[in-house]
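Ready for a few exercises? Have a look at the model below, then try each task before reading its solution.

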Amino acid sequence: MIHVILLLLVTVVFFAVGFAVHSRAVEQSRVANAFDYLEDIQFSQHLHFVRTGKYASRLADLDLSIPSPAYFAVGEIKISRHRGVFPGWELQLHRAGAAPLFGPYAITFNGAGFDASQSSVEASILPYDPGHVRINRVSTLAILR
């Protein structure tokens, strides 16, 4: 009888650990998908700015190559002025539905990329270290100019 209880206890512990590991991996994948989408918007905003001299205030005005990510609600683009001089933009995605173990969170991007100060996503599920500089299509655009 004790062996059966012990076996059941071990099984439950393994299941709980497996669920946590699986949930984290799934959520990391979803966040990476959201980052890809936001980086596509960032690149498209830079192109739009080069063409028109201003940032787009609507997603429909951008040439996006990937669809909006599942599991996230896309907010509205906010146009702002940086220190009253330079135009800027910001877009926030909110986690839609339940995110097991993580709850609701938001991911914010602006012209400089991921904005950790305006985001509430847990650092452990980010696709890369926020302090690390990424070389992406925006950097390539700067080189081509």
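Three exercises with worked solutions follow.

This is a predicted model, in which local features need pLDDT of at least 70, side-chain atom pairs count only at pLDDT 80 or more, and totals for chains, interfaces and linings use all residues. Residues are numbered from 1 along each chain as its sequence is written, and side-chain values use heavy atoms, with hydrogens and water left out.

**Exercise 1.** Work out how strand 4 (residues 106–110) is covered and how strand 4 pairs with strand 5 (residues 113–114).

*Solution.* Begin with the terms: helices (H or I, at least four residues) and strands (E, at least two) are DSSP runs, numbered from the N terminus. Buried means under 20% relative accessible area, exposed over 50%, and partly exposed in between (1.4 Å probe, protein chains only).

Next, check the cover: five of the five residues of strand 4 are buried. In a regular strand the side chains alternate between the two faces of the sheet. Here, Ala106, Thr108 and Asn110 lie on one side, Ile107 and Phe109 on the other, and all are buried.

Then turn to the pairing, for which DSSP must find at least two bridges between two strands. Strands 4 and 5 are antiparallel, with two bridges; Asn110 has Gly113 as its bridge partner. The two strands form a hairpin with two residues between them.

**Exercise 2.** Find what surrounds His48 and Leu62, taking contact as heavy atoms within 4.5 Å.

*Solution.* First, place the residues: His48 belongs to helix 1 (residues 2–52), while Leu62 sits in the loop between helix 1 and strand 1 (72–74). His48 counts as buried because its relative accessible area is 12%, and Leu62 because its value is 7%.

Now list the contacts, leaving aside neighbours within four places in sequence. His48 is in contact with residues including Tyr55, Asp61 and Leu62. Leu62 in turn touches Ile41, Ser44, Gln45, His48, Ala56 and Ile77.

Finally, look for a polar partner: a polar atom of the His48 side chain is 3.0 Å from the backbone oxygen of Lys54.

**Exercise 3.** Which residues have the most contacts inside the largest nonpolar core?

*Solution.* Such a core is a set of buried Ala, Val, Leu, Ile, Met, Phe, Trp, Tyr and Cys residues joined through side-chain atoms within 4.5 Å. The largest has 24 residues, and Val31, Phe35, Tyr105, Ile107, Phe109, Phe114 and Val121 have the most contacts inside it. Helix 1, strand 3 (86–95) and strand 4 each supply at least two core residues; helix 1 gives the largest share, six.

Definitions and conventions:
Polar contact = N/O pair within 3.5 Å; in protein donor to acceptor, adjacent residues only side chain to side chain.
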